[in-house]
Amino acid sequence: MKRNLFLFVTVLALSFGTEAQEIKMPVNLERLAERATEAVDVNLDASMLQLASGFLSKRDPDEAHVKQIVSKLKGVYVRSFEFDKEGQYSRSDLESIRAQLKNPAWSRIVGVKSVKGENSEVYLRKDGEKIGGLVVIAAEPKELTVVHIDGPINPEELSELSGHMGIPSMKLGPQKKSSHDDDENERQDER
Amino acid sequence: MNGMDEELRRALVRRDPSPDFTARVLAASQTRAAEPGLLRSWLSRLLFGRWAAVAATTLIVGGGIAYQQHERDVQGETAKQKLLVALQIAGMKLQGTQRHVLSGGER
C-alpha cells in the first residue's frame, strides 16, 4: 500500500515536472490559419532538429552559426499568421498559452504595449542557472506570432543573426533617428 | 515346326545395307552430339533462373534503398528550410521587441 502510494506520488510529481517544461500550442491557434492570408506552422522536435542540422552547411557562416545554436535545442515551434484586416483574432486566443506561461518555471522578461496595438512579450524558462526555453508572443493588429524554442537558448545568439538570413540588421545604443531609418524599419515590420 | 524354321531362316539371312546407310548413321550421330542432354539443359535453365532472381532482387533492394535515401534527403531539406524560417521569424520578433523597448514603446 505504502509502495503504491509512493509510486503514485512519484509519477504525479514527474508529470507535473514534465508539464512545467512543455508548452503546447493551443488548438484554437490552428483555426486562425483559415482566416489568415499567410500562415507559418513549424514543428521541429529534437529528432527533426537533428535531421535539419545535418543538412546545414558548415561552409556557410550563417548556417554554421545556426547549426551551433540548434545543436543544444530540443524543439522549435512557430505559429505565425498574417491577416488582411484587423480583428481576426482576440486576446482569448492567446489565453491558453499565457496560462501555461504562468508556471513558476517561466518568467516574463519583456512586456511591451504600444498605442498602435503592437504588443510583444518575451518569456524565459529557467533551468537551474541556465535558460531552458524561450517564448515570444508578438501580437499586432494584422499579425500574430508565437515562437517557442525549447532548450538552452541565449536570446543574444538569435540577435547575432541580425543582418543575416533575411533579418534586418539593427544597431544597438543611442543613434540619430532619420526618416530613412524609420521608413526602413516600417518596411521590415510589414514584411 | 518346319514353317517356323523356314521363317527364322529367312529372317536371319544376311542382307547388304542400302547405299546411303552409312551416311544416314553418321548424320544421326552428329545430330545427337549437337543436342545437349536433357539434364544439362535443365541445369542451365535453373542456373540462369537463379542468377536472374539474384539480379532482380539486388535491383529491387538497391532501388528501395535509393528511394529511402531520396525521401530522407527531401525530408531533411524541408526540415532545414523550416528551421531557417523559424529562426528568422524568432530573430525578427525579438528584434522588434528590442526596438520597442529601446524606443520606449513609442513609434
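1. Buried area is the accessible area, taken with a 1.4 Å probe, that two parts lose on being put together, summed over both. In this predicted model, chain B and chain A bury about 3400 Å² between them. Of that area, 71% lies on carbon and sulfur atoms.

2. The two sides of the contact can be counted by residue. Chain A gives 47 residues and chain B gives 29. Three salt bridges link chain B and chain A. One joins the side chains of Lys93(B) and Glu143(A), at 2.7 Å from N to O. Three residue pairs are in polar contact across the interface of chain B and chain A, with both residues at pLDDT 80 or more. On the side of chain B that touches chain A, 12 residues are nonpolar, nine are polar and eight are charged.

3. Helix H3 of chain B, residues 38-102, takes part in the next two packings. Start with helix H3 of chain A, residues 46-54. The axes of H3(A) and H3(B) are 8 Å apart, and the angle is about 100°. Angles of 65 to 115 degrees count as roughly perpendicular, so H3(A) is roughly perpendicular to H3(B).

4. Which residues make this contact of H3(A) with H3(B)? From H3(A) come Met48(A), Leu49(A), Leu51(A) and Ala52(A). From H3(B) come Arg72(B), Gln75(B), Gly76(B), Ala79(B), Lys80(B) and Leu83(B). By class, the contact has six nonpolar, two polar and two charged residues.

5. Now take helix H4 of chain A, residues 61-70, against H3(B). Their axes lie 12 Å apart and meet at an angle of about 85°. H4(A) and H3(B) are therefore roughly perpendicular to each other. Glu63(A), Val66(A) and Val70(A) contact Lys80(B), Leu83(B), Leu84(B) and Leu87(B). Five of the residues in this contact are nonpolar and two are charged, with no polar residue. Lys80(B) and Leu83(B) appear in the contact with H4(A) and also in the contact with H3(A).

6. Over all chains, the count of salt bridges is 11. One of them lies within chain A: Asp41(A) pairs with Arg79(A), with the closest N and O atoms 2.9 Å apart. Asp41(A) sits in strand E1 (residues 38-45) and Arg79(A) in strand E2 (residues 75-82), so the pair ties together parts of chain A that are 38 residues apart in sequence.

7. Strand E2 of chain A also holds Tyr77(A). How far is Tyr77(A) from Asp45(A), in sequence and in space? The two are 32 residues apart in sequence and 8.1 Å apart from C-alpha to C-alpha. Leaving out residues up to four places away in sequence, Tyr77(A) touches Met25(A), Val42(A), Asn43(A), Leu44(A), Asp45(A), Val146(A), Val147(A) and His148(A).

Technical notes. Residues are numbered from 1 along each chain as its sequence is written. Chains are lettered from A and ligands numbered from 1 in the order in which they are written. This is a predicted model: local features need pLDDT of at least 70, side-chain atom pairs count only at pLDDT 80 or more; totals for chains, interfaces and linings use all residues. Side-chain values use heavy atoms; hydrogens and water are left out. Axes are lines fitted to C-alpha atoms, for helices over the stretch in contact, and angles run from 0 to 180 degrees between N-to-C directions. Helices (H or I, at least four residues) and strands (E, at least two) are DSSP runs, numbered from the N terminus. Angles under 35 degrees count as roughly parallel, over 145 as roughly antiparallel, 65 to 115 as roughly perpendicular and the rest as oblique. Contact means heavy atoms within 4.5 Å. Ala, Val, Leu, Ile, Met, Phe, Trp, Tyr, Cys and Pro count as nonpolar, Asp, Glu, Lys and Arg as charged, and the others, Gly among them, as polar. A salt bridge is a side-chain nitrogen of Lys or Arg within 4 Å of a carboxyl oxygen of Asp or Glu. A polar contact is a pair of N or O atoms within 3.5 Å; within protein, one must be able to donate a hydrogen and the other to accept it, and residues adjacent in sequence count only if both atoms are side-chain atoms.
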